Structure formats: structure tokens, C-alpha cells
Amino acid sequence: MSELIVNSEKIIQQIINDNTNYINVNGAAGCGKTTVMIKKIENEVNTNTNKNILILTLVSSVTNEIKKRTSDRLQINIKKQGNSNHYIGEYNNNNISIANFDAFIHCQLDNNNLLNEIEATQFNQKKIIYNKYSKSINKFFLKNKKEADIVIIDEYQDFNTYDVDSLVNILKNNRNCKLWIFGDKLQSIFLENKKNITYASEIFNRNLNFNKYYLTNCYRCPLSHINFVNFVTKDWINYYQLKLLETEIKEN
């Protein structure tokens, strides 16, 4: 086994064993972020009981992928809740819930008796209302009305300011709730504003004290591709103080 792989496995194990409240895992596509996330969930539910874990995604296709991979890993049935984009499974008396962000917002408004503020079909208004009241809310709810002990965000860089502000406001009111975020700053779909603040990453980081980890070993691309990516993104890598990618694929 090469030193490169040993170092990668060491970092992954540190992420899995980290018990602090706020964890930020950054890595490019192919670096195994989702695999690490699911392994961390597995470690959590094998170590603890009576915990409620809420995993947030932006789109249903990703929700379905995480549901399948978590279900396969833990050998449990994660069931769709009614007609919503919420899924819940149980393992070792822990609830594992997966939801896309639209469904999550609707659920939070419902559990805080705020749905009467807006028309049910006006989803953009739902986000605005949730953000408006988020400073006075101190709980995240699963679809089964249980309170989340851990919130996990997949591809956090794609969440906009309304999304992140509301989450941070609630976390400030509930210091016992953990937040684990997984993503890649360099894949952000938002441009920087005039203050050079990347929306999701910097709003999270300046409000919460994260333990930060960088996955740099790509299991998908050969060295020639990795060298090209490092060359094209080198200015941003330096700006964000990230690390250069390396490859686990051995070329002939």
C-alpha cells in the first residue's frame, strides 16, 4: 500500500471518529465524499441509540442515491413517507431521515405552524417565511415529528443565502444539534459577491466553528486529468487555501 493511500485512509478515519458538533468535509468529485459520509453515519448509529439523523440534499436524484447507498450499507429499509420526498429508516433505535430541501422546508413550516402564512403552492415564499422566523426557531424536525440531533448537508456549496442563513440561525439557537457538511467549494454554482464571500461556505464558516477536512485523493481520474484540473483551478485552490488533488489510479 502506498503512502498516499495510507494518508487518505488516516484522514477518512479521523472524519469518521470526529465527535465535534460542526464538521466540514471538502473534496472534488471522485474523492469519496458520499462514501465517507455514509461510513460516518454507520459509525454514529452503531455507537449510539435514540439519535435522529436528518440528511438534506437539493435534488431528488441525489436523495434517492443516498437512500440506496445508506440502505445497502446498513441493510435496512428506508421508506418513503407518503407522497413527500422524505424517507425514514430505523437502525439500532436511531432514525435516519433523508429529504430534499424543498420537502424539508415544507416539513419545518408545518411543524412550526407557519404554513398558514403563505399559499401552499408558492414554494419560494416558503423559503422566505422560514428564513424570516428562523431566528426564533430552535429545532429541526423529521417527517415523523421527531427532533433532529444531527443534520447532514450533501453538496453544501449549492445552497443559496436563504438556505444557509436559516440553517445557521436555528443552529445558533440549538447548540446541541450537530451539523456535518460535505461538498466542494470549487463546484459552487454561485458567483462571489463584492465582499469576496462565497455564499454557502463562508456563511457557514464565519458563524460556526468547523473542524475542516480535505479529501484530495481522486479514485475516478488518471494523473493526466488531475494535473489538468490542478492547473486550471490553481488560483482558486490558493485563494481558498485548499490542497492539490492526487490520483489513486495508476497509469501504465
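**Helix 2 contacts and the setting of strand 5**

Glu42 sits in helix 2. In this predicted model, the residue reaches across to a part of the chain well removed in sequence: Glu42 and Arg73 are 31 residues apart along the chain, yet their C-alpha atoms are 7.8 Å apart in space. The two side chains meet through a polar contact of 2.8 Å. Leaving aside residues up to four places away in sequence, Glu42 touches Arg73 and Leu74.

Lys40 belongs to helix 2 as well, which spans residues 33-47. Here the picture is a bit of a puzzle, since Lys40 is buried but has no salt bridge. The nearest side chain of opposite charge is that of Glu44, and it lies 5.6 Å away, whereas a salt bridge would call for a side-chain nitrogen within 4 Å of a carboxyl oxygen. What Lys40 does have is a backbone neighbour: a polar atom of its side chain lies 2.8 Å from the backbone oxygen of Asp18. Asp18 also turns up in the list of residues that Lys40 touches once those up to four places away in sequence are set aside, together with Ile15, Ile16, Ile23 and Trp180.

Moving on to the strands, strand 5 covers residues 94-100, and 7 of its 7 residues are buried. The side chains split between two directions: Asn94, Ile96, Ile98 and Asn100 point one way, while Asn95, Ser97 and Ala99 point the other way. Both sets are buried, so that the asparagines at positions 94, 95 and 100 are covered along with the isoleucines.

Strand 5 has pairing partners of both orientations. Strand 2 (residues 52-57) runs parallel to strand 5 and is joined to it by 6 bridges; within this pairing, Leu56 has Ala99 as its bridge partner. Strand 4 (residues 86-91) runs antiparallel to strand 5, again with 6 bridges, and here Gly89 is matched with Ile96. Strands 4 and 5 make up a hairpin, with 2 residues between them. One residue in the turn, Asn92, has a positive phi of about 55 degrees.

As for confidence, the protein chain averages a pLDDT of 85, and 89% of the residues score at least 70. Residues 1-6 are another matter: pLDDT stays under 50 over this stretch, for which the model has 8 contacts beyond four places in sequence.

Key. Residues are numbered from 1 along each chain as its sequence is written. This is a predicted model: local features need pLDDT of at least 70, side-chain atom pairs count only at pLDDT 80 or more; totals for chains, interfaces and linings use all residues. Side-chain values use heavy atoms; hydrogens and water are left out. Helices (H or I, at least four residues) and strands (E, at least two) are DSSP runs, numbered from the N terminus. Buried means under 20% relative accessible area, exposed over 50%, partly exposed in between (1.4 Å probe, protein chains only). Lys and Arg count as positive and Asp and Glu as negative; His and the chain ends are not counted. A polar contact is a pair of N or O atoms within 3.5 Å; within protein, one must be able to donate a hydrogen and the other to accept it, and residues adjacent in sequence count only if both atoms are side-chain atoms. Contact means heavy atoms within 4.5 Å. pLDDT is the predictor's confidence in each residue, from 0 to 100. Two strands pair if DSSP finds at least two bridges between them.
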